[in-house]
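These are my notebook entries from a walk through one structure, written for someone opening it alongside me. I took the pocket before anything else and then worked outward.

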Amino acid sequence: MIRMLIRGGIFFGTAVVGLLLAALVPGVQLRLGGFLVAVLVFTVAQSLITPVAMRLGRKTGQALIGGLGLISTGLALIVASLFEGGISFVGGFLPWLGATLVVWLVTALGGWLLPIWLLKDKVSQARSRRA
């Protein structure tokens, strides 16, 4: 249970950072008033889309998992943009693509590195107890 809460917090935090950085992409508009809504909608959509994409990836091959992560991020951004006052993409396909790449990179790296960093103390404590 605690591990799930930590992962949820990491995912939420990386979504916040990813969406803030995505707002720097030309053509991406992130309104302050709808920022929390955009983050919550993105996080929920991503958490629902990702398991389905990963199941498909396991069936079709490991090489597709990175691509499926990009696709699920892009779909979650589209869902988040459907809610008024949050995130929007002006100027066509390129702002959405740029935001997808930025958010995917931040959430992927954060999801990979933050658990290692946060749990490093726990691992060292457990090792010292065994010694």
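**Entry 1, the pocket.** I sorted the lining of the largest pocket by class and noted nine nonpolar, ten polar and one charged residues, where Ala, Val, Leu, Ile, Met, Phe, Trp, Tyr, Cys and Pro count as nonpolar, Asp, Glu, Lys and Arg as charged, and the others, Gly among them, as polar. The model I am reading is a predicted one, in which local features need pLDDT of at least 70 and side-chain atom pairs count only at pLDDT 80 or more, while totals for chains, interfaces and linings use all residues. Residues are numbered from 1 along each chain as its sequence is written, and side-chain values use heavy atoms, with hydrogens and water left out.

I then looked up the volume of the largest pocket, which is about 540 Å³. Of the 20 residues lining this pocket, Phe11, Gln46, Thr50, Thr107 and Gly111 are the closest to its centre. For the term itself I wrote down that, on a 1 Å grid over the protein atoms alone, a pocket is an open set of points where a 1.4 Å probe fits, with protein on both sides within 12 Å along at least five of seven lines, and that lining residues have an atom within 4 Å of a point. The grid points are joined across faces, edges and corners, and the volume is the space filled by probe spheres set on them.

Which helices supply at least two residues each of this lining? I found H1 (2–22), H2 (35–60), H3 (65–81) and H4 (93–130), and the largest share, six residues, comes from H4.

**Entry 2, the overall layout.** I counted four helices and two strands in the protein, and along the sequence they follow the pattern α-β-α-α-β-α. Both kinds of element are DSSP runs numbered from the N terminus, helices being H or I with at least four residues and strands E with at least two. The C-alpha atoms fill a box of roughly 60 × 40 × 25 Å along the principal axes. Among contacts with a separation of 6 or more, 72% join residues 24 or more positions apart, a contact being heavy atoms within 4.5 Å.

**Entry 3, the nonpolar core.** The largest nonpolar core has 17 residues, and those with the most contacts inside it are Leu19, Phe42, Leu77, Ile87 and Val103. Such a core is a set of buried Ala, Val, Leu, Ile, Met, Phe, Trp, Tyr and Cys residues joined through side-chain atoms within 4.5 Å; buried means under 20% relative accessible area, exposed over 50%, and partly exposed in between, with a 1.4 Å probe and protein chains only. H1, H2, H3 and H4 are the elements that give two or more residues to this core, and H2 gives the most, with six residues. I followed Leu77 further and, leaving aside neighbours within four places in sequence, found contacts with Leu19, Phe42, Ile87, Phe89, Trp96, Ala99, Thr100 and Val103. Over the whole protein, buried residues make up 31% of the 131 residues.

**Entry 4, single residues.** Is Ser72, which is found in helix H3, buried or exposed? Ser72 counts as buried because its relative accessible area is 1%, and beyond the neighbours within four places in sequence this residue is in contact with Gln46, Ile49, Thr50 and Ala53.

Ser88 is in strand E2 (residues 87–89) and is buried, with a relative accessible area of 16%. Not counting residues up to four places away in sequence, Ser88 touches Gly27, Val28, Gln29 and Arg31.

Pro95 lies in helix H4 and is also buried, at a relative accessible area of 5%. The C-alpha atoms of Pro95 and Pro26 are separated by 6.3 Å, although the two residues are 69 apart along the chain. With the same exclusion of residues up to four places away, Pro95 touches Val25, Pro26, Gly27, Val28, Phe89 and Val90.

I closed with two partly exposed residues. Ile6, in helix H1, has a relative accessible area of 33%, and C-alpha to C-alpha it is 9.9 Å from Leu119, with their positions 113 residues apart in sequence. Gly66, in helix H3, counts as partly exposed at 36% relative accessibility; Gly66 and Phe83 are 17 residues apart in sequence and 27 Å apart in space, C-alpha to C-alpha.
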